[in-house]
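Welcome to a small set of exercises with worked solutions. Keep the sequence and the structure open as you go, and try each task before you read its solution.

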Amino acid sequence: MTAALKVLRGGLCTSIQDRGRPGYQAVGVPVSGALDWMSLAIANRLVGNADGEGALEILIAGPEFEVDADSVRIALAGTEASIEMLGEGATTRPAHRSVTLRRGQSFRIGRLGDTACAYLAVEGGFDLPRCLGSLSTHVRGGFGGFEGRALRPGDRLKLAREAAGERDEAEIAPPPSPDPSAPVRVVLGPQDDHFTEKAIEIFLSGDYVVSAKSDRMGLRLDGPALKHRGGADIVSDGIAPGSVQVPGNGLPIVLLADRGTTGGYPKIATVISADIPMLGRRRAGQALRFAAVDVASAESVRRAQDQALRSLLAAARPIPAVASLSVRALYDQNLISGMVDAGRD
Amino acid sequence: MTGPSSNPPGATPARYLPSGDTALVVEFGDRIDRAINDRVVALDDAVHEAAIDGVVETVPTYCSLMIHYDPLRIGAAELIARIDAFGSRPAKARAGGRAWRVPVCYRGRHAPDLAEVAARTGLSPDEVVALHSGTAYHVYMIGFLPGFAYMGDVPERLSLPRRDNPRTTVPAGSVGIALAMTGIYPLESPGGWHLLGKTPIRLSDLAWPQPALFSAGDTVEFVPIDEPKFDRLRRDQDAGQRWAPVGEDAR
């Protein structure tokens, strides 16, 4: 029997995502990919994978798994939630730190309190067929990932490795949580001229709230409606990641990973690429404001962010086996680890 | 097409509209028009030919080309300068899109809206079919679904707005019209176009290296077929045959 993770519970919407499938938008295939690709990179780095390897994207409420492999190294990133071991001597393992589990162990990721999405990577990745070069799941389109859908109980996710590699566990200091009151930065356009001046002013000063109708396709916002100048229809054109489209009801929708390739609503602005991972983390009910920057600033913010991410990833530290006896590790295991493989952890 | 891709003499100058820091829109107009779309397709060809480092992919639409790029490899200012430079030299003559003849059964269960379209346009069903299949359509763009081609222009006598009540399910292969557009639903999906017929051929498959049959700039003609031929072609398609453009042998 090949190594696998058995799905005991699917969670709200858990799907395989990598950096998406660019290159096919001209024939109408959406890009998809991780909402928060920075956390995806951290989870992957912790288990020794390439930063863009396919991992499990967990939305809002976590799934539950059983290890059906000799052993598997996993890591959770992007959340303060923990990996909760189930069964005898239930313990928790913190995020941003790899851990190796044995056959028969089961675990779950609890409710994500601090973010809408988090990433669980497995060492070596999942053994799944690629669709147009990518493992990303487009749930609405029903393609990619595991059978083109979110996980369900009974699924067996085949692992590329039979067992965890012989090496130290790793940890990465989680990046500082972004200030939730900081505005989301946008470049105005491409169709800001389809809105009244007043509408642009309202867009940049208004308080919006993330609607519960948001999904991987887009963040729907409640708040002040924006008036179009001469109708809400345009001749369909391309859509960029972070495009803020405004349909007839005047309420903006920020288009995210599963966005369509083209659309017929005017786009008042586009969220800068550096702020998109943070946007993917926003939960329903959270407040949101926008601020305009120019393209050149957007580019320099992105370069700085990329540099910071590289430094963070490069600072991944091995945790020597002996450290598992440290107070910190015992604390992380709630001091009562009955099942823990103390030699490895 | 020859002539500078961006700014042919007398044409509206191209507008460069940033869409954040990962995409640039090059816009040639704001209406559905062959001359405008030809400039989009020509610029698309020129961008591909130039193989600009940092350009990830392009999406040609009716009036504009969206150029997706990696901001860590190229900035908007440099990209605009590169594109602008095309304007001062003639674009390479376009090799021309491929031409397709697409079999369509305009009968019975395959044509749920034919009678209604006939009634609303004051034509007989046969006249509707003759008009729809008697035109060579230009593929303006692909969008909405993998492989969904927006084609035009539909003869004015057939022009109808979208259905008041869009269907929640339109079968794959359905051929529809809306305003000056005609298209084929590549997959089962919701849809609001008037369905005149159905083709047995597959238009997209994510297992294909190029997952859609048509590209922007192609030409499509519909060829009426009867039900037995529809069923025969459908069997061939199910057996893995892939439809070929005119002038290329079917594989």
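**Exercise 1. A pair across two strands**

Which residue in S9(A) does Phe65(A) stand opposite? Please also work out how the two strands pair and where they sit in their sheet.

*Solution.* Before we start, please note that this is a predicted model.

Step 1. Look across from Phe65(A): the residue opposite is Phe107(A), in S9(A).

Step 2. Now take in the two strands. Strand S4 of chain A covers residues 64–68, strand S9 of chain A covers residues 106–109, and three bridges pair them in the antiparallel sense.

Step 3. Zoom out to the sheet. This open sheet of chain A has six strands with antiparallel pairing, and the order is S7-S6-S9-S4-S1-S11. The edges are strand S7 (92–93) and strand S11 (156–158) of chain A, each of which pairs on one side only.

**Exercise 2. Two loop residues with positive phi**

Is Leu132(A) buried or exposed? Do the same check for Ile60(A), and describe the backbone of both.

*Solution.* Step 1. Find the residues. Leu132(A) is in the loop between strand S10 (117–122) and S11 of chain A, while Ile60(A) is in the loop between strand S3 (55–59) and S4 of chain A.

Step 2. Read the backbone angle. Leu132(A) has a phi near 50°, which is positive although the residue is not glycine. Ile60(A) is another non-glycine residue with a positive phi, near 65°.

Step 3. Count neighbours, with 20 or more other C-beta atoms within 10 Å as the cut-off for buried. Leu132(A) has 21 other C-beta atoms within 10 Å, so Leu132(A) is buried. Ile60(A) has 17 C-beta neighbours inside 10 Å and therefore counts as partly exposed.

**Exercise 3. Cis peptide bonds**

Which residues does a cis peptide bond with omega of about 10° join in chain A? Find a cis bond in chain B as well.

*Solution.* Step 1. In chain A, the cis bond is between Gly189(A) and Pro190(A). Pro190(A) belongs to the loop that runs between strand S13 (184–188) and helix H2 (197–205) of chain A.

Step 2. In chain B, Gly152(B) and Asp153(B) are joined by a cis peptide bond with omega of about 0°. Asp153(B) is placed in the loop between strand S7 (149–152) and strand S8 (167–170) of chain B.

**Exercise 4. The two domains of chain A**

How far apart are the C-alpha centres of domain 1 and domain 2 of chain A? Describe their contact too.

*Solution.* Step 1. Set the bounds: the domain assignment of chain A gives 4–175 + 319–332 for domain 1 and 184–306 for domain 2.

Step 2. The C-alpha centres of these two domains of chain A are 29 Å apart. Their contact draws 18 residues from domain 1 and 13 residues from domain 2 of chain A.

Step 3. Sort the domain 1 side of chain A by class: nine residues are nonpolar, seven polar and two charged.

**Exercise 5. A strand with two partners**

Why is strand S9 of chain B described as largely enclosed? Then trace its partners.

*Solution.* Step 1. S9(B) spans residues 174–178, and four of the five are buried, so the strand is largely enclosed by the rest of the structure.

Step 2. S9(B) runs antiparallel to strand S12 (residues 194–198) of chain B, joined by four bridges. S9(B) also has four bridges to strand S10 (residues 181–184) of chain B, again antiparallel.

Step 3. Follow Val175(B) both ways: its bridge partner is Gly197(B) in S12(B) and Ile184(B) in S10(B).

Step 4. Finish at the hairpin of S9(B) and S10(B). Two residues lie between the strands, and Leu179(B) has a positive phi near 50°.

**Exercise 6. Chain B and its contact with chain A**

How many residues of chain B are in contact with chain A? Start with the overall build of chain B.

*Solution.* Step 1. Chain B contains five helices and 13 strands, and 45% of its 251 residues are buried.

Step 2. Compare its radius of gyration with the globule rule: 251 residues would give near 18 Å for a compact globule, and the 20 Å of chain B agrees.

Step 3. Turn to the contact, where 38 residues of chain B meet 35 residues of chain A. S3(B) gives the most to the chain B side, with five residues. By class, this side of chain B has 23 nonpolar, 11 polar and four charged residues.

How values were computed:
Residues numbered from 1 in each chain as written. Chains lettered and ligands numbered in written order. Predicted model: local features only at pLDDT ≥ 70, side-chain atom pairs only at ≥ 80, totals over all residues. Pairing = 2+ DSSP bridges. Contact = placed C-beta atoms within 7 Å. Nonpolar A, V, L, I, M, F, W, Y, C, P; charged D, E, K, R; others polar. Rg over C-alpha atoms; globule rule 2.2 N^0.38 Å. Buried ≥ 20, exposed ≤ 12 C-beta atoms within 10 Å, placed from the backbone. Domains from an automatic or database assignment.
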